[in-house]
Amino acid sequence: MMNVLSVGAICADALSASLPSGALLLATLADRVPGIFFGLPLVALASLVFAATHHEDPAAIGLATVHWSVWLGGILGIVLAAVLLLGWMS
Amino acid sequence: MPESLEEVGALAQKSPDGMRGPHAAEPSRSLGKRIVAISPDDGSAIDLHNPALAALLAWCVPGLGHMYQGRTLKGRLFMGAILGTFLLGMWLGGGRVVYASWKPGDTRWPFVCQAGAGVVALPALVQSMWLQGSAKQPLFALEFMSPPLSPGQFVSRAYAERLTSTDPDIEADFFFDKPPLRQFRSDQVSLWHRRLGRWFEIGTLYTMLAGMLNVLVIYDAWAGPMGGVDGKAGTGEDRSKKLKA
C-alpha cells in the first residue's frame, strides 16, 4: 500500500513539474471559479465589436480587436484577482 | 461645398496633422442630400445613405443597416457575432432565458438589454402581451419565450394540460383545480433554475451582452465609425478643437 502511495506521489510530482505553470494556473482558476471560461468568448466578442465600431479597414479592426482584448482581459483579470484575494483573506 | 464622395475623401486627406479637412470635425456631414462619415483609417468618405433607416435596420437585424449602406464586410461581421452570441446564449439557457415579464416580484430587467438584439427578442414581447389575462395560451409552440408561471397564477384548463404534456418540469399535480380555470401552485422560474443551474445565468449573460453590443452597432450605422481620423478615439468636439488649433 505504501509503495502504491509513494509511486502515486512521485507521479503527481513529475506531472506537476512537466506541466507549464500557465496551465496549472488556468486549471486552478477553472477549479476556483466555475464557468470562468464562458466569459472569454464574451471578452473576445466585446473587443471585436468595439474595434469594428471604431474602424473600417479589416486589418485595423483585427489589430484593434487584439488591443481591446488585452485591455478588457487585463482589467477584468485584475478585478477577478482582487475578488479572489478578498475571498481568500476573509 | 464638395460635390462627390471622392472630393470629400480628398479634402479629408489634405490636412498634415492627421486632421484631414473640415469633414473630420464631426462624425458625419451632409453632402448635398447625402450624409457621409470619414473613415478613421484612410480618410475616405463613407456614404451613410439614410442614417435613421440604417439605424432602424441595424436594430431589427444586427448588421443589416451596414449592408444597406454598402458596408458589407462589417455587416456580416456584426450579424455573425451578435446573432451568433444571442443564439448561443439561448441554447446554453435551454431556450428559457429570453422572456419579458413585468409582474410584481418577477420583473425581468435583463430583457431590456436583450431587446437591443432586435427582432430575435421580439417574440418574448409578443408572448408577454398575448398572455395578459388568465385564459390565454402562448402564441407560439412549446411556450417559446413565454414568461414563466408564478405561484398562484390562474391559467386556462387547456394551457395547463398543454404544459403538463409538453414541459418536462411540470406535472399534473402542480395545478389546483379551480373550475373553470386551474391555479398553478409552484414557481416555474425555480423549476428552470433547478434544471439548468448556472447555465441559466450564463445564457442570460450571453443574450444580454449581445443586445447591449448591438447598441454600439446601431450607433455605428447611424453616425459612422467612432474612432478619430488619426485612428484614435475622439469626439467631434475634440476634433473641432484640434482642427482650430
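## Close-ups of a two-chain model

**View 1. B:Asp177, a partly exposed residue with a salt-bridge partner.** B:Asp177 has a relative accessible area of 45%, so it counts as partly exposed, the band for that label running between 20% and 50%. Keep in mind that this is a predicted model. The side chain of B:Asp177 makes a salt bridge with B:Arg157, and the closest N and O atoms sit 2.7 Å apart. That pair links distant parts of the chain: B:Asp177 belongs to strand β7 of chain B and B:Arg157 to helix α7 of chain B, with their positions 20 residues apart in sequence. B:Arg157 comes out as partly exposed too, because its relative accessible area is 32%.

**View 2. The open sheet of chain B, with strands in the order β6-β8-β7.** Three strands make up this sheet, and they pair in the antiparallel sense. Out at the edges are β6 (154-156) and β7 (175-178) of chain B; each has a single partner strand, so one side of each goes without a neighbour in the sheet. From one strand to the next, the twist averages 35 degrees. As a reminder of what holds such an arrangement together, strands of a sheet pair through backbone hydrogen bonds, either parallel or antiparallel.

**View 3. Strand β7(B) beside β8(B), with helix α7 of chain B packed on the sheet.** Four bridges connect β7(B) to strand β8 of chain B, residues 181-184, and the pairing is antiparallel. Which residue stands opposite B:Asp177 in β8(B)? That would be B:Arg182. Helix α7 of chain B, residues 157-166, packs on the sheet and touches β6, β7 and β8 of chain B. The direction of this helix makes about 90 degrees with that of β6(B). B:Asp177 therefore turns up twice in these views: opposite B:Arg182 in the sheet, and in a salt bridge with B:Arg157, whose place is in the helix α7 of chain B.

**View 4. The loop residue B:Asp187 and its contacts.** Look for B:Asp187 in the loop between β8 and α8 (188-196) of chain B. Is B:Asp187 buried, exposed or partly exposed? It is partly exposed, because its relative accessibility is 27%. Setting aside residues up to four places away in sequence, B:Asp187 touches B:Leu149 and B:Pro151. The C-alpha atom of B:Asp187 is also 8.7 Å from that of B:Gly152, although the two are 35 residues apart along the chain.

**View 5. A:Glu56 and B:Lys74, a salt bridge between chains.** The N to O separation in this pair is 2.8 Å. A:Glu56 lies in the loop between α3 (40-52) and α4 (58-89) of chain A, while B:Lys74 is in helix α4 (residues 72-92) of chain B, so the pair joins two chains. Both residues are buried. In total, the model has eight salt bridges over all chains, and two of them cross the interface of chain B and chain A.

**View 6. B:Arg71 with B:Asp220, both buried.** Here the closest N and O atoms of the salt bridge are 3.2 Å apart. B:Arg71 lies in the loop between α3 (64-68) and α4 of chain B, and B:Asp220 in helix α9 (residues 198-223) of chain B, so the pair ties together parts that are 149 residues apart in sequence. Neither one is out in the open: B:Arg71 is buried, and B:Asp220 is as well.

**View 7. The interface of chain B and chain A.** How many residues of chain B are in contact with chain A? The count is 27, and they meet 19 residues of chain A. Between them the two chains bury about 1900 Å², with 75% of it on carbon and sulfur atoms. On the chain B side, B:Asp41, B:Tyr206 and B:Leu213 lose the most area to chain A, together 25% of what that side buries.

**View 8. Chain A, a run of four helices.** Chain A has four helices and zero strands, which reads along the sequence as α-α-α-α. Of the 90 residues in chain A, 19% are buried. Among contacts in chain A with a separation of 6 or more, 35% are between residues 24 or more positions apart. The accessible surface of chain A is about 6100 Å², and carbon and sulfur atoms account for 79% of that.

Note on methods. Residues are numbered from 1 along each chain as its sequence is written. Chains are lettered from A and ligands numbered from 1 in the order in which they are written. This is a predicted model: local features need pLDDT of at least 70, side-chain atom pairs count only at pLDDT 80 or more; totals for chains, interfaces and linings use all residues. Side-chain values use heavy atoms; hydrogens and water are left out. Two strands pair if DSSP finds at least two bridges between them. Axes are lines fitted to C-alpha atoms, for helices over the stretch in contact, and angles run from 0 to 180 degrees between N-to-C directions. Contact means heavy atoms within 4.5 Å. Buried means under 20% relative accessible area, exposed over 50%, partly exposed in between (1.4 Å probe, protein chains only). Accessible areas come from the Shrake-Rupley method with a 1.4 Å probe; for residues, only the protein chains shown count as cover. A salt bridge is a side-chain nitrogen of Lys or Arg within 4 Å of a carboxyl oxygen of Asp or Glu. Buried area is the accessible area (1.4 Å probe) that two parts lose on being put together, summed over both.
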